[in-house]
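Trainee: I should like to learn how to read the features of a protein model. May we begin with a strand and its side chains?

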Amino acid sequence: VAINLLLDLEKEVNAYASSNGLSLLPHVRPTQLAGIEINPYAQQLAQVVIWIGYLQWMHHNGYAPPRNPVLEPIESIHLMDAIMDLSVPEHPLEPQWPSAEFIVGNPPFLGSKLHRGNLGEEYMDFVQRLWDGRVLAESDLCCYWFEKARKQIEQKNCRRAGLLATQGIRGGSNRETLKRIKNTGDIFFAESDRDWILDGANVHVSMVGFDNGSERQRTLDRQAVSEIHSNLSATSDITQARELLENKDLFLRPPEKGAKFDVTDAETQPWLCAPNPNGRPNSDVLRPWTNAELLVSRRDAMWIVDFNTQATEAEAAQFESPFEYIRLKVKDFRSNNRDERMRRLWWQYRRPGVRVRDAQQDLSRILCTPMVSKYRLFTWLPPIIQPDKTIYCFAFENDYFFGVLHSRLHEVWARAQGTQVRERESGFRYTPTTCFETFPFPKPTKQHEEAIAAAAKELDRLRNNWLNPPEWTREEILEFPGSVDGPWKRYVVADDGATGRGSVPVSPKPETGTDPGGIGTVRYPRTVPKDEECAKALKKRTLTSLYNERPTWLDLAHKNLDEAVFAAYGWDAAMSDEEVLAALLKLNLERAR
């Protein structure tokens, strides 16, 4: 492509010169192209491909190429690592790229979580030390090429660059790379979301052209614009938004198990009533569990083994059946973990999610949303259900906050601040630091707050009735032993039939060396299908399918909620998305001062 465009440009110049009485000889040659390639075969192939492109262009444009061409070697296609010079392995350096007028290319895309597995621990340790302060460790691999090209332009070793990237470069840590580009120059061309067909797979990329700021014309998604921001948009520059103190400490990071601690419902049921040598019920270390997929779809109930309150292996082992299951599933898997703590405390989660646990002790329910989803859905989670790391939780239990976060205003803000996964239909990633902690809530009157809460409560009621219609469902009560002071204390039944905190234990402390407190009977209600026919019908009733269909009643419920939230801000509900972003950004910057 590059050699063809160079030849096209030269042909245009020569034609113009000829029409003005000047004669110019052709000068463009394949040897004008420099390149960097790490694979020896690809390095040789690149030279041949450039020559083929050159000869084809000559043929198609009426030039007579030599009959027996001798292809000169293109010495400027360098065999080297583009982001690290390992010529002296003990002292890696930043590689020197050749000087050039322009840099174009398709650097490799690789998410940060895959770096070490694909490139090796030692290599990535070197890379991150070498590029520290310039590229965040959480960035996609392609960001190193963007930063290197930026530096080449800043040091006047290059005029401008045009590179492909994962379309995720617009958000999160990747966006910081584009911010650096705008700090020392500017983005003059971009396609924010472009289909890229490769080997039959349809992926989505972004294309970004940047320079030292001298280019005055800017084109975004094939439209002339006055500015291209680091999120590859031309609307309000919400990348300026700052975290708000009022939203701090409201996001709760869930536990991260780091291994297979989840268990099917069928496997769990026998454990719930099985005795243990320590005299304690297995329910002390067993809880219902959900991840983002289960939250928006309908699958069989899942549970999780949670030994994070067990400080030693000996203590965990006394919960016999759950422990043996985890020993078989997790211990060998953890034996090769690079984290010494994970190898030593193999029966515990990678991260315990302490703040979620604390909130579940105090709140009657937890507000949550999937990390990645097609629609920005918020829903309530009972405090006994443990959320997976793919679910973000918030320290709210009232309908007002549910209403504001589930409004159009917050979805517009979150979509602009989050990261699109592939195409829009595949969903986007909700990042609490950018999507939530920067979001300015309204300052409502009591009447406005009550109106939002009422609309939110009605939306939740209608959705629940659609998801679990009483005609197709029934309430099932699971009964099993549970500690009065354990995770199931809200559901423990005393002799007088009372439940919850303060209930009287129905059995004494066991005669053991431990003191688990009283043990009573857990009565845990859950909704299940009435029969097989109802179960089949219910499988189609998921939050995702509901919002795909978006029936009139759902649309009206959301419009009612949106009107209440807009009223709390004092804004017109007919505002466009661009106007909403501009108004929210203004509010954010005012409060962040």
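Mentor: Certainly; please note that this is a predicted model. In a regular strand, side chains alternate between the two faces of the sheet. In β13, Ile366, Cys368 and Pro370 point one way, whereas Leu367 and Thr369 point the other way, and all are buried.

Trainee: Why is β13 described as largely enclosed by the rest of the structure?

Mentor: One counts the buried residues of the strand. Five of the five residues of β13 are buried, so the strand is largely enclosed by the rest of the structure.

Trainee: To which strands is β13 joined by bridges?

Mentor: Strand β13, residues 366–370, is joined to β15 by three bridges, and the two run antiparallel. Four bridges join β13 to β17, residues 391–394, again in an antiparallel manner. Individual residues show this pairing. Leu367 has Trp380 as its bridge partner in β15 and Phe394 as its bridge partner in β17. For Ile366, the bridge partner in β15 is Leu381.

Trainee: In what order do the strands of the open sheet lie?

Mentor: The order of the four strands is β9-β17-β13-β15, with antiparallel pairing. Strands β9 (251–252) and β15 (379–381) stand at the edges with a single partner strand each, so one side of each is left without a neighbour in the sheet.

Trainee: Let us turn to aromatic rings. How many aromatic pairs does a search of the whole structure find?

Mentor: The search finds 32 aromatic pairs. To classify a pair, one considers the angle between the ring planes, and over 60 degrees counts as edge-to-face. The rings of Phe378 and Tyr430 have planes at 85 degrees and centres 6.1 Å apart, so this pair is edge-to-face. Phe378 lies in the loop between β14 and β15, and Tyr430 in the loop between β19 and α15, so the pair ties together parts that are 52 residues apart in sequence.

Trainee: Are Phe378 and Tyr430 buried or exposed?

Mentor: Phe378 counts as buried, at 0% relative accessibility. Tyr430 likewise counts as buried, at 0%. Both rings also belong to one aromatic cluster, whose members include Phe251, Tyr392 and Phe394.

Trainee: Which charged residue sits over the ring of Phe428?

Mentor: The charged end of Arg376 does so, 4.8 Å from the ring centre. Similarly, Arg160 lies over the face of Phe188, at 4.2 Å from the ring centre.

Notes. Residues numbered from 1 in each chain as written. Predicted model: local features only at pLDDT ≥ 70, side-chain atom pairs only at ≥ 80, totals over all residues. Heavy atoms only, no water. Pairing = 2+ DSSP bridges. Buried < 20%, exposed > 50% of the residue type's maximum accessible area, 1.4 Å probe, protein only. Phe/Tyr/Trp six-rings, centres within 6.5 Å; stacked < 30°, edge-to-face > 60°. Lys NZ or Arg CZ within 6 Å of the ring centre and 35° of its normal.
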